[in-house]
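Colleague: I'm new to reading models like this one. Could you take me through the place where the two chains meet, slowly, and then show me what surrounds it?

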Amino acid sequence: MSRDFIRQLPGTSEGYSGRTPVFNWFNVDPLLFCILAVIVSFGLLILYSAADASTSVIQAQCVRLAAGFGLMLLVAQVPPYVLLRLAPVLYLIGLLLLALTYPFGTEVNGSRRWLRIPGLINFQPSEAMKVFLPMVMAWYLSDRHLPPGTKPLTVGMALMLVPFGLILMQPDLGTALLFAASGLLVLLLAGLSWRFLMGLGAILVAAAPVMWFLIREYQRQRILTLFDPERDPLGAGWNIIQSKIAIGSGGLGGKGLLNGTQSHLDFLPETQTDFIVAVLAEELGFIGVASLLMLYGLFIFRGLLISVQAQDTFGRLLAGSITFTFAVYVFVNIGMVSGILPVVGVPLPLVSFGGSSLLTLFAGFGMLMSIHSHRRINI
Amino acid sequence: MAEPLALKDHHLESQIYIERVAAGALVVGLLFLALLARIGYLQIYEYRDAVSQSEENRIQVVARPPVRGLILDAKGLLLADNRPSRDLRLIPEQINDVPDTLQKLQAVLEMSLEEVERFRSLAERQYRRFEALPVLFDLSDAQVAQFEANRYQFPGLFVSGKLVRNYPQGELVAHAVGSVRRINDQDAKLINATDYAGTDHIGKLGVERFYEGTLLGQVGYDQIEVNARGRQMQTLESVKPVNGRDLQLYLDVGLQAAADRALGDRRGAIVAIEPKSGGILALLSRPAYDPNLFVQGISHKAYNALRTSVDAPLFNRAIQGQYQPGSTLKPFIGLVALGEGFANIKDKIEDPGWYQLPGNERLYRDWNWTKTDAGGHGQVNLQKAIYRSCNVYFYDLAVRLGIDRLSEGLSRFGFGAVTALDLPEASVGLLPSRDWKQQVKRLPWYPGDTVNLGIGHGDVLVTPLQMATAVATLANRGKFVRPRMVQSSALEQAPSPTQALGEPLSQALFEPIIEAMEMVVHRGNQGFGENGTAWAYIGRDIEYRMAGKSGTAQVVEIEQGEVYDASLISERQRKHAWFVAFAPVVAPEIAIAVLIENGGGGSEQAAPIARELLDYYLLESKPLATAMTAAGLMP
């Protein structure tokens, strides 16, 4: 960007956007902000029911949301060219932290995903890496000739594959795959040829039988369960069977908030986290789910519009990949809960109870806003 | 070669980007539509299924079994009631380690191999979620205490209390009342599972079986909301059970006990009927068994011992035992002959001690025939033929009547048919006829068959119940009343008590026959060969008038020219002893049939038993009436 010619209106350092001053001061996109606020409120409502009307859960979630909004506003103040310069540094730090999970990570359920500095902080480096990867790839591709040739493609893939490998070895297949997807998205948006993508697809299909033996037993169970939940109705199939019953029994209008029998009598698992959309479906019915999907759609649409309006390669690629990754998360979560994808531990963005994934999301949204509000004038 | 300096083409980049975003947006749109379609499919197309599944998940219907109706004797004494019992039950889902739990359980409670096997098969069963299945039955206080003290070791196991059938009279009324058994897999196929929800037993024999619907009652239920771990949250709906109705029998336990005492250790059966109502006052079959053994499930070993015993304690001789009636059939044949005009009181025949069919060499002997031909009853009329039990008279009479009239006439007394109203296991007996012999034996009816039938031998078979019923018909002077266990007042659906079997005989015909039967008991001090056959045994000191008839049924054929000698043949091949009676002769209150298997002579062995019962019933069991009579308050 430093080599680009920057046009600015005289007397403004932050660029011109022509919007309401209040939002302008905080570099906030009002539309994105409003949709976000509606989704988050809706999410709190669902969580309230999923947590059996527990105010402590809602309080904890509000604290996290507040932190998220704070982070978003903070990031929004950082101009894109600073983000650009920070990208490689953050990536290297992220890589280091990821590597540190091997000797120092806390083991939970047989996988070392967490770094814990006692009394201070407790976080997943892989979550941070979800933001750092699109940044570093956008940084790398921003001054390459696009569509990328063989060399930038190779380097870009390498940037993605190193942390991908580290996450895979934690092991955390679900996160690794979604992580890889966000990296691939950057390449795709940069103009990666369809032929390359198809070739990659073909390789994956060819490798599938080998993969089948490489993945773990519980993962094989999850995939088998997807195709036939009844094969182990009280074990592996239980979650998905109960989830489908919860969704189906909601019907068009739902059983009413707090009235979901599947949710409140504990037939449905993980109601506050991964399966929260089943609570929504049971209690507010098809109308509730469709409303949420519509809100997500609006948000994604706004995000994509921002990315299209971005004026340099870095901003475009970063904004686009953040938005599409968000869309992928929504699809994977609801797809899993409704039984069209295997069970992977992916929370429903902005709605599920949980901290670190929320912060990652908000950091991304902050970048979206920064990219949009620090635009140069359209000529 | 130096790589040409490539300038960034911002316009192209932006164009590519917009294309890619458009494609991406399209894909995202399609994926979201797919999600909507999927959710819509589940929520709209599969809505009904999902609702019923979610209801099934959360609502557990817990049956409230009704209390089985009591069975009482005529005086209100309990024959079958319900006692509390505790079972050990298990919930398969809550047992994590079956072998481990089993091992620990065996350390606490003693378990037979059968019980261990049942535990294994139940613990591995996937039936209805969180249903409690019974493993061990009827735990003692000590067992309950031992289990409860170690309760923490047994998640998924618990002791539950309930009412089970109890027969306070035990063996005494086993064959009269029947019993309930634990519902097995075969029963389960035949019954409506809903009616028996929470009920483990079903009436399998006798009154318990016949009145199953009345005794069972109607099941109630609680609809309980449960969570995924089977914990009960609240009761949504509750329907109370309707308890089974009590049944009062005609059976008199006092009489039954008197019958039991009188029969002692001998194998046999006694049936007593109230002629007016057909109500069965006593129904005894010995040896018997303790019906309580079957309530909680008898071990295979114990059951096999009962089943294979030579004494056949499970066999209900009173209603299923089929025996030749012997001479007890004679009064009925006499009646048939009077009715058909083939005999009258005055006609006499000469009995030389044997009978021969014209053109046949075979001798049909009288019971007092001797090898020296010194026997015979001399001049015999119908009444003498009955009180002396003359065979030759009835050989001759039967042959003159012919099988067709004989067979038809005897059927009017209920022979060859099940007439019992509520004894489902009763046997039909056998009343031979020309058709029967042709169809079953594929042989023509021979005159010799008729000769044998004349004295109740040959193919004819009757049960003690049929005999008692026929005697009750005699006592009623021809009015046939179906025998029954349960007092009809207790039942709404009481069927008509009378069933006419063919044209009833004229009442006047009965008196000479009944008079002759009275002589069997009361005619005495008339010199050798002139007394009633039972007089010497029971008739000397009797306080009331009684009509009776003895009978002796052969178990093995005796060769031509041989003499029956009880000491020469094994006990099981000795003759069966019969005695039938009713009393008082005027306005009879009780009709009775006594059978002693391999008992020997009817008058000698069976008649005293009949006398003992009639004494009890007419004199002892009505102390009030007797006292009033004695005090001159009653005529």
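**Where two helices cross**

Modeller: Let's start with one pair of helices: the axes of α10(A) and helix α2 (residues 47-58) of chain B come within 7 Å and cross at roughly 120 degrees. That crossing angle is why α10(A) counts as oblique to α2(B). In general, a pair of packed helices is described by two things, the angle between the axes and the distance between them. The crossing also has a hand: α10(A) passes α2(B) in a left-handed way. Before going on, bear in mind that this is a predicted model.

Which residues make this contact? From α10(A) come A:Ile245, A:Gly248 and A:Ser249, and from α2(B) come B:Tyr47, B:Asp49, B:Ala50, B:Val51, B:Gln53, B:Ser54 and B:Asn57. Sort them by class and you get four nonpolar, five polar and one charged residues.

Now zoom out to the whole contact between the chains. Chain A puts in 40 residues and chain B puts in 34 residues. On chain A's side, five helices each supply at least two residues: α7 (173-189), α10 (238-250), α11 (261-264), α12 (276-309) and α13 (313-337). Our helix α10(A) is on that list, but α12(A) gives the most, with 11 residues. By class, the side of chain A that touches chain B has 22 nonpolar, 15 polar and three charged residues.

What is chain A built from? Chain A has 14 helices and three strands. Of its 379 residues, 46% are buried. Take the contacts in chain A between residues at least 6 apart in sequence: 70% of these join residues at least 24 apart. There's also a nice backbone detail in this chain, since a cis peptide bond joins A:Gln170 and A:Pro171, with omega at about -5 degrees. A:Pro171 sits in the loop between α6 (150-168) and α7 of chain A, and that same α7 is one of the helices on the side that touches chain B.

Over in chain B, let's follow the strands, with β3(B) as our guide. Strand β2 (residues 71-72) runs antiparallel to β3(B), and two bridges join them. One of the pairings puts B:Leu72 with B:Leu78 of β3(B). These two strands form a hairpin with five residues between them, and in the turn B:Gly76 has a positive phi of about 90 degrees.

β3(B) has other antiparallel partners too. Strand β5 (residues 157-166) of chain B is joined to β3(B) by 10 bridges, and here B:Pro84 has B:Leu163 of β5(B) as its bridge partner. Strand β4 (residues 133-136) is joined to β3(B) by three bridges, again antiparallel. In that pairing, B:Arg89 stands opposite B:Pro134 in β4(B).

Keep going past the end of β3(B) and you come to B:Pro92, in the loop between β3 (78-90) and α3 (98-108) of chain B. Is B:Pro92 exposed or partly exposed? B:Pro92 has 19 C-beta neighbours inside 10 Å, so it counts as partly exposed; a buried residue would need 20 or more. Its C-alpha atom is 8.1 Å from that of B:Leu133, though the two residues are 41 apart along the chain.

A few more loops in chain B are worth a stop. A cis peptide bond joins B:Arg286 and B:Pro287, and its omega is about -5 degrees. You'll find B:Pro287 in the loop between β14 (280-286) and α11 (292-295) of chain B.

Then look at two arginines. B:Arg442 has a positive phi of about 55 degrees although it is not a glycine, and its place is the loop between α18 (434-441) and α19 (447-453) of chain B. B:Arg442 counts as exposed because it has 7 C-beta neighbours inside 10 Å. B:Arg477, also not a glycine, has a positive phi of about 55 degrees as well. This residue lies in the loop between α20 (464-475) and α21 (510-522) of chain B. With 18 other C-beta atoms within 10 Å, B:Arg477 is partly exposed.

To find your way back to the start, go to α10(A) and α2(B), whose axes come within 7 Å.

Note on methods. Residues numbered from 1 in each chain as written. Chains lettered and ligands numbered in written order. Predicted model: local features only at pLDDT ≥ 70, side-chain atom pairs only at ≥ 80, totals over all residues. Contact = placed C-beta atoms within 7 Å. Helix = DSSP H or I, 4+ residues; strand = E, 2+ residues; numbered from the N terminus. Nonpolar A, V, L, I, M, F, W, Y, C, P; charged D, E, K, R; others polar. Buried ≥ 20, exposed ≤ 12 C-beta atoms within 10 Å, placed from the backbone. Pairing = 2+ DSSP bridges. Axes fitted to C-alpha atoms, helices over the stretch in contact; angles between N-to-C directions. Parallel < 35°, antiparallel > 145°, perpendicular 65-115°, else oblique. Left-handed = near helix turned anticlockwise from the far one by under 90°.
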